[in-house]
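Here are some notes on the model you sent, set out as numbered points that can be checked one at a time against the coordinates.

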Amino acid sequence: VKANEFDAILTAYESLRQQGVTYTWFSEPVGLAFWGKDNLEQATQRLAELDNAKGGGARVHGKAHSTAANNWAVDVAIYQGKIREAKRKLEELIGPDQPAEERFGHMTYLAKLEQLTGDKGKATALADQAIQMSPDRLDQISATKVLASLGATEDARKALARWKPSKSPGTGTDDETQKHIVLGLIAIRQNQPSKAIDELLKASEQRRQDVEAVYLLSQAYMAAGQWSEAVATLDTLINHKKGEIIAGYLPAIWPLSYYLRATCREKLGQNQAALADYTTFLDLWKFSDPGLKEVDHAKKERSRLSPR
C-alpha cells in the first residue's frame, strides 16, 4: 500500500480468492487498495468487514479486528472532511472502559482533529493530558507536536526536553526527526520561516521524505513566500505519497495538499492549474462538514477562476 501498488494488491487478492485462500486480515490491504483508487464505497465495506471477522464460523481475534475497523472508520471519515463524525467515533474510543494504551492514542488523535478545526482549548487540554498520563512515547511525541502547532511553544519545548533518546522499534519513529519537526512547527508559529525550513529539511532528509515533515515543509515555504518551492514539495506528496498518507498519517493531508498547492499556484499566476487543484480538493471533500474554512475558500476561488 505504501508503495502505491493498489492494482497489484487487488490482482493478488483476486488470484488468492480464486484459489480458495482466505485470511481475515486480507480485508485491510484490500480496503486500503480500494481507498487508494478512490473507491471509497468498496474501501469502507472491506475495512468494516474486520469488525465481524469470523473463522470457521466463529468470531476470531475479535478485539484486534474490531479496533482496526474502528480506527479505519475514523480515518476514512477524516479523508472525506467529515471531521465531526470522526470526532464522535474517537470520543467513543477514549472512554474509561477502554484499555489505556488505546485510549491515550485515540486522545492524541482527537487532539489533532481539534487542532485541525481550530478548537485550541480542547486540543491543548487533550494534548496536555496525553503527555502527563500516557506511558507511550508515540502518544507523547504526537501530543507535543499538537502543542507546537497550536503555538503553545513553551509547553512544547518543555515536553521536548523530557524525551529520552531512543528509537521506537517497528515504527520508524526516530527521535531526532521528531525533534526537528517540533522545532520546525515552533518556528512556523513564531514567524521564523527560514528556521522552520531548515529544521523540516533536516527531518525530511533523516527519514527519506517523511510525509509529515514534507507537508509541514510546504507550509514553511509558503510562510516564506517561496511559492515554487512549496509547489514542488507538495508535488512530492501528491505524486508519490498517497499510500503512505492513508496507511500511516492523518488522511486529511492528502486532500489538503491539493488545497495548499492551489493557493500556491494562484500566487504564481497559474490560474488554470490552481482551478484544477481547487476542483480536485472540493471533489475529495464534497461530503465534508459545513463551515470548514478551506472548503469555503476553495469554493470562492473556484468560482472566481472559472471561465465566464
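**Notes on helix packing and selected residues**

1. In this predicted model, the axes of helix α6 (residues 100–116) and helix α7 (residues 120–133) come within 8 Å and cross at roughly 155°. Because an angle over 145 degrees counts as roughly antiparallel, α6 is roughly antiparallel to α7. The crossing in which α6 passes α7 is left-handed.

2. The contact between these two helices draws on F104, M107, T108, L110, A111, E114 and Q115 from α6, and on K122, A123, L126, A127, Q129, A130 and M133 from α7. Sorted by character, the residues of this contact of α6 with α7 comprise 9 nonpolar, 3 polar and 2 charged.

3. L116 also belongs to helix α6, and it deserves a separate look for its surroundings. With a relative accessibility of 21%, L116 counts as partly exposed, since the buried class is reserved for values under 20%. Once neighbours within four places in sequence are left aside, L116 is in contact with I83, A252, L256 and K293. As a distance to check in the viewer, L116 and D155 are separated by 39 residues in sequence and by 19 Å in space, taken from C-alpha to C-alpha.

4. A second helix pair can be read in the same manner. The axes of helix α2 (residues 27–36) and helix α3 (residues 40–48) come within 7 Å, and they cross at roughly 165°; α2 and α3 are therefore roughly antiparallel to each other. The crossing of α2 and α3 is left-handed.

5. Which residues of α2 and α3 meet? On the α2 side they are S27, E28, V30, G31, L32, F34 and W35, and on the α3 side they are L40, Q42, A43, R46 and L47. The residues of the contact of α2 with α3 divide into 7 nonpolar, 3 polar and 2 charged.

6. R84 is placed in helix α5 (residues 83–93), where a relative accessibility of 47% makes it count as partly exposed, given that the exposed class begins over 50%. When residues up to four places away in sequence are not counted, R84 touches D289 and P290. R84 and A64 are 20 residues apart in sequence, and their C-alpha atoms are 25 Å apart in space.

7. Is T153 buried or exposed? T153, which is found in helix α9 (residues 153–161), has a relative accessible area of 10% and is buried, because buried means under 20% relative accessible area. Its contacts, not counting residues up to four places away in sequence, are with I186 and Q190.

8. The last residue considered here is D175, which has its place in helix α10 (residues 175–189). At 9% relative accessibility, D175 counts as buried, and its side chain makes a polar contact of 2.4 Å with the side chain of R137. For a reader inspecting this site, the two features to view together are therefore the 9% relative accessibility that puts D175 in the buried class and the side-chain polar contact that joins D175 to R137.

Note on methods. Residues numbered from 1 in each chain as written. Predicted model: local features only at pLDDT ≥ 70, side-chain atom pairs only at ≥ 80, totals over all residues. Heavy atoms only, no water. Helix = DSSP H or I, 4+ residues; strand = E, 2+ residues; numbered from the N terminus. Buried < 20%, exposed > 50% of the residue type's maximum accessible area, 1.4 Å probe, protein only. Polar contact = N/O pair within 3.5 Å; in protein donor to acceptor, adjacent residues only side chain to side chain. Axes fitted to C-alpha atoms, helices over the stretch in contact; angles between N-to-C directions. Parallel < 35°, antiparallel > 145°, perpendicular 65-115°, else oblique. Left-handed = near helix turned anticlockwise from the far one by under 90°. Contact = heavy atoms within 4.5 Å. Nonpolar A, V, L, I, M, F, W, Y, C, P; charged D, E, K, R; others polar.
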